[in-house]
Amino acid sequence: MVKTVSSNKILKLGIIGTGAIGQDHIKRCADFLSGVEVVAVSDMNKESAQHVIETYGLNAKAYESGKDLIQAKEVDAIIIASSGKTHAEYVLSGIQAGKFIFCEKPLATTIEECKAILEAEQRYGKRLVQVGFMRFYDRRYQELKNIVQSKKLGPILMAHAVHRNQKSPKDFTSEMVITDTLIHELDIFRWLLNEEFVSVTMISPRKTSKVEQQLQDPQLALLTTQSGIEIDVELFVNCQYGYDIRCEIVGEEGVASLPAPAAVPMCLGEKRYERIWANWQDWFLEAYNIEIQEFINECLVGELKGPDAWRGYMATYVAEFCLQSQKKGVEIAMPVSKCPDFYQYDCKSH
Ligand code: NAP
């Protein structure tokens with residue numbers, strides 16, 4: 001359930017990046033969410049920014065650059081939905097301007113950039129950054145987390161996950177399967193199991209004939225946690241049939257599995273048909289709506305509670321070891337990072 005704002009305050013939002021997810025967030029703010037007005041947009045492609053203003057009937061200004069948008073007096077908070085490589089620069093500018101920032105995943109594409117963000121936020125002395133890990137807001141994942149925490153399954157032994165996309169963009173690379181796709185599992189398993197990863201092995205099975213030369217698809221990630229839980233994640237970004245996310249947690253006493261979104265089954269000619277969703281927008285629609293509404297609500301009261309920069313850093317940190325394993329074709333051990341006191345509340349309560 002999306003919690004609407006009870007006060008009559010309005011958050012003036014600026015959105016950088018008006019591609020797929022930037023437009024999705026603009027649309028949900030314009031049509032559905034409360035307590036928010038999109039007052040500024042910016043994109044590399046200036047025509048796209050202007051087009052979005054017209055399409056969604058926004059009373060907004062199209063800024064020449066993301067940095068100008070961040071500095072604009074009328075902008076209270078920022079959503080960064082431009083390509084991953086641009087995130088660090090914008091997040092750092094946002095912190096310098098003292099504005100609340102919702103940054104789509106990844107927080108940044110290198111560990112060094114993530115560290116710079118952690119340092120800047122700690123220097124500022126207050127949480128300003130949230131990372132777009134929307135699975136945290138998904139009721140099905142929340143129920144899985146409750147089951148794990150309840151200890152009803154007994155000690156957790158293994159987990160199996162699947163992350164399939166119908167088709168990937170033409171310029172998608174083998175590395176992006178880790179930094180853009182697996183990154184969601186890297187974050188959500190830390191949260192579900194409340195443990196850190198200690199090693200990873202990336203495996204390249206037989207390649208599908210449906211992809212360009214530069215892309216190894218599918219891939220498998222094998223992750224081991226501190227207590228020895230083994231997690232396998234199948235990543236198949238050109239599976240053809242639809243968008244499919246699965247997650248099964250196996251304990252000593254039982255198993256808990258993530259359900260697919262409800263669809264009405266149809267029985268016809270001695271067969272049962274069930275719709276499969278085509279994309280992430282539909283699969284996680286409710287989670288995205290809750291995620292952005294809660295970000296709005298929390299900006300209005302001045303305290304962010306969603307996935308923080310530490311979670312963004314940790315996902316990028318583990319992804320870096322996955323990239324090493326992908327390159328070298330061997331298991332890579334990773335040291336456990338110490339969470340700074342500034343983010344400790346997150347490590348314990350999330
Ligand atoms: P997209 O459709 O390619 O949109 C990105 C937009 O940003 C494009 O219009 C691009 O313009 C623009 N852009 C590039 N560099 C820029 C810059 N320096 N300043 C301003 N705008 C710039 O990509 P997308 O699918 O929306 O993804 C955007 C981000 O969201 C990525 O980090 C992605 O990983 C993340 N994402 C998250 C989820 C999720 O589930 N949470 C889902 C989808 C995407 P050009 O096309 O001209 O380069």
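A polar contact is a pair of N or O atoms within 3.5 Å; within protein, one must be able to donate a hydrogen and the other to accept it, and residues adjacent in sequence count only if both atoms are side-chain atoms. Tyr288 supplies one such pair: a polar atom of its side chain lies 2.6 Å from a ligand oxygen.

This is a predicted model, in which local features need pLDDT of at least 70, side-chain atom pairs count only at pLDDT 80 or more, and totals for chains, interfaces and linings use all residues. Residues are numbered from 1 along each chain as its sequence is written, and side-chain values use heavy atoms, without hydrogens and water.

Two further side chains make polar contacts. In Glu104, a side-chain N or O atom is 2.9 Å from a ligand nitrogen. In His87, the partner is a ligand oxygen, at 3.3 Å. Alone, the ligand exposes 900 Å², and the protein buries 73% of that (Shrake-Rupley areas, 1.4 Å probe).

Now the shell. It holds 24 residues, each with a heavy atom within 4 Å of the ligand. Ile21, Asp43, Tyr90, Lys105 and Tyr288 are the closest. Helices here are DSSP runs of H or I, at least four residues, numbered from the N terminus. The elements giving two or more residues to the shell are α1 (20–31), α4 (87–96) and α7.

Follow α7, residues 174–193, to His184. His184 counts as buried because its relative accessibility is 9%, under the 20% limit (1.4 Å probe, protein chains only). Beyond four places in sequence, His184 touches Lys105, Gly132, Phe133, Met134, Arg135 and His163, with heavy atoms within 4.5 Å.

Notes:
Buried < 20%, exposed > 50% of the residue type's maximum accessible area, 1.4 Å probe, protein only.
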